[in-house]
Amino acid sequence: MDLMERFSNAGVVPVVVLEDAGQALSTARALLAGGIDVMEITFRTDAARDAIQIVAEQCPDMLVGAGTVCSVEQCRQAAEAGARFIVSPGFDPCVVDWCLEHELTVLPGCVTPSEIMEALSRGISTVKFFPASIYGGLEAMKALSGPFVGLQFVPTGGINAANLAEYAKAPFVRAVGGSWLCSRSDIAQGRFEHITELCRQAKNILAGL
Ligand SMILES: O=C(O)C(=O)C[C@H](O)[C@H](O)COP(=O)(O)O
């Protein structure tokens, strides 16, 4: 199965912020127990590189990628650690081109027609749409899908169990991203069963579509 199929099958891509790489394995296992086998570990914290490496090496069933990647240096670190994909909040040609040169799947953030055209001209047909709730959500993605036939979005920002179904059933949405499945407080307090429970709830919502 290729990576994009893994995204489609998962339906949701948890956006994970880890303060301590020691929490990475338990978090990955909690997600897997809840039926989600894709995760994005963000470079918002210094623990990201080590956390990605731990999951890549010790949790082979998990497709682990790097999020909040804003520089080529972070791309390098993520790739060395074993990240299988890169997600960036915006479109930075240096980041995108580095990933393409290194055959690493990249989801750049694109919310305007010009950014989408930059992605398409490089052969990228799945992009992040962030922050979805601010940039017009479903209506905006629907309008953009008119001219950009076949384009797929991974909307992120303001998505949770309450609006997951609405987003996920749109034909132009490959998967939705969000932090609601893995809150910083659940991770910090070791409430991994709660993470599993939220994943199961999300999978049930997706199964009902
Ligand atoms: O960290 C990144 O790379 C981002 O671009 C932003 C995240 O994807 C969103 O902040 C998640 O949004 P929430 O689910 O509303 O918390």
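A residue counts as buried if 20 or more other C-beta atoms lie within 10 Å of its own, as exposed if 12 or fewer do, and as partly exposed in between. Keep that scale in mind while we walk through this predicted model.

Let's start with three loop residues. Thr-68 has 17 other C-beta atoms within 10 Å, so this residue is partly exposed. Glu-103 has 7 C-beta neighbours inside 10 Å and therefore counts as exposed. Ser-88, with 26 C-beta neighbours inside 10 Å, counts as buried. Here they are side by side.

| Residue | Other C-beta atoms within 10 Å | Class |
|---|---|---|
| Thr-68 | 17 | partly exposed |
| Glu-103 | 7 | exposed |
| Ser-88 | 26 | buried |

Thr-68 sits in the loop between strand 3 (63–67) and helix 4 (72–81). Its backbone is worth a look: phi is positive, about 55 degrees, although Thr-68 is not a glycine. Thr-68 also belongs to the surroundings of the ligand. That shell has 16 residues, and those that come nearest are Thr-68, Pro-89, Thr-156, Gly-178 and Ser-179. By character, the shell divides into six nonpolar residues, nine polar ones and one charged one.

Ser-88 is found in the loop between strand 4 and helix 5. Leaving out residues up to four places away in sequence, Ser-88 touches Val-69, Cys-70, Val-95, Pro-108 and Gly-109. There is a further link across the chain: the C-alpha atoms of Ser-88 and Val-127 are separated by 9.4 Å, with their positions 39 residues apart along the sequence.

Helix 5 (93–101) comes after that loop, and Glu-103 lies in the loop from helix 5 to strand 5 (105–107). Which residues of helix 5 are buried? They are Val-95, Val-96, Trp-98 and Cys-99. These residues cover an arc of only 165 degrees around the axis, so they lie on the same side of helix 5. The other side of helix 5 carries the exposed residues Pro-93, Cys-94 and Glu-101. The cover over the buried residues of helix 5 includes helix 4, strand 4 (85–87) and strand 5. Just after helix 5, Glu-103 takes a positive phi of about 55 degrees, although Glu-103 is not a glycine.

Helix 2 (residues 24–33) can be read in a similar way. Its buried residues are Ala-24, Thr-27, Ala-28, Ala-30 and Leu-31. Because they cover an arc of only 160 degrees around the axis, they are on the same side of helix 2. What do the buried residues of helix 2 pack against? Their partners are strand 1 (12–16), strand 2 (38–42), helix 3, helix 9 (184–188) and helix 10 (192–207). Helix 2 is followed by Gly-35, which has a positive phi near 95 degrees.

Strand 1, one of those partners, deserves a closer look. Five of the five residues of strand 1 are buried, so the strand is largely enclosed by the rest of the structure. Both of its faces are covered: Val-12, Pro-14 and Val-16 are buried on one side, and Val-13 and Val-15 on the other. Strand 1 runs parallel to strand 8 (residues 176–178), and three bridges join the two. In that pairing, Val-13 stands opposite Gly-177. Strand 1 also runs parallel to strand 2, with two bridges between them. There, Val-15 stands opposite Glu-40.

Now for the interior. In soluble globular proteins, nonpolar side chains tend to be buried together. In this model the largest nonpolar core has 72 residues, and Ile-52, Ala-66 and Ile-86 have the most contacts inside it. Helix 3 (residues 48–58) gives the most to this core, contributing six residues. Which residues does Ile-86 contact, leaving aside neighbours within four places in sequence? Ile-86 is in contact with Gly-65, Ala-66, Val-69, Cys-75, Ala-78, Cys-99, Leu-104 and Val-106. Among these partners, Cys-99 is one of the buried residues of helix 5.

One last backbone feature is the peptide bond from Phe-130 to Pro-131, which is cis, with omega near -10 degrees. Pro-131 lies in the loop between strand 6 (126–129) and helix 7 (137–145).

Technical notes. Residues are numbered from 1 along each chain as its sequence is written. This is a predicted model: local features need pLDDT of at least 70, side-chain atom pairs count only at pLDDT 80 or more; totals for chains, interfaces and linings use all residues. A nonpolar core is a set of buried Ala, Val, Leu, Ile, Met, Phe, Trp, Tyr and Cys residues joined through C-beta atoms within 7 Å. Helices (H or I, at least four residues) and strands (E, at least two) are DSSP runs, numbered from the N terminus. Two residues are in contact if their C-beta atoms, placed from the backbone, lie within 7 Å. A residue is near a molecule or strand if its C-beta atom, placed from the backbone, lies within 6 Å of it. Ala, Val, Leu, Ile, Met, Phe, Trp, Tyr, Cys and Pro count as nonpolar, Asp, Glu, Lys and Arg as charged, and the others, Gly among them, as polar. The arc is that of the directions from the helix axis to the C-beta atoms. Two strands pair if DSSP finds at least two bridges between them.
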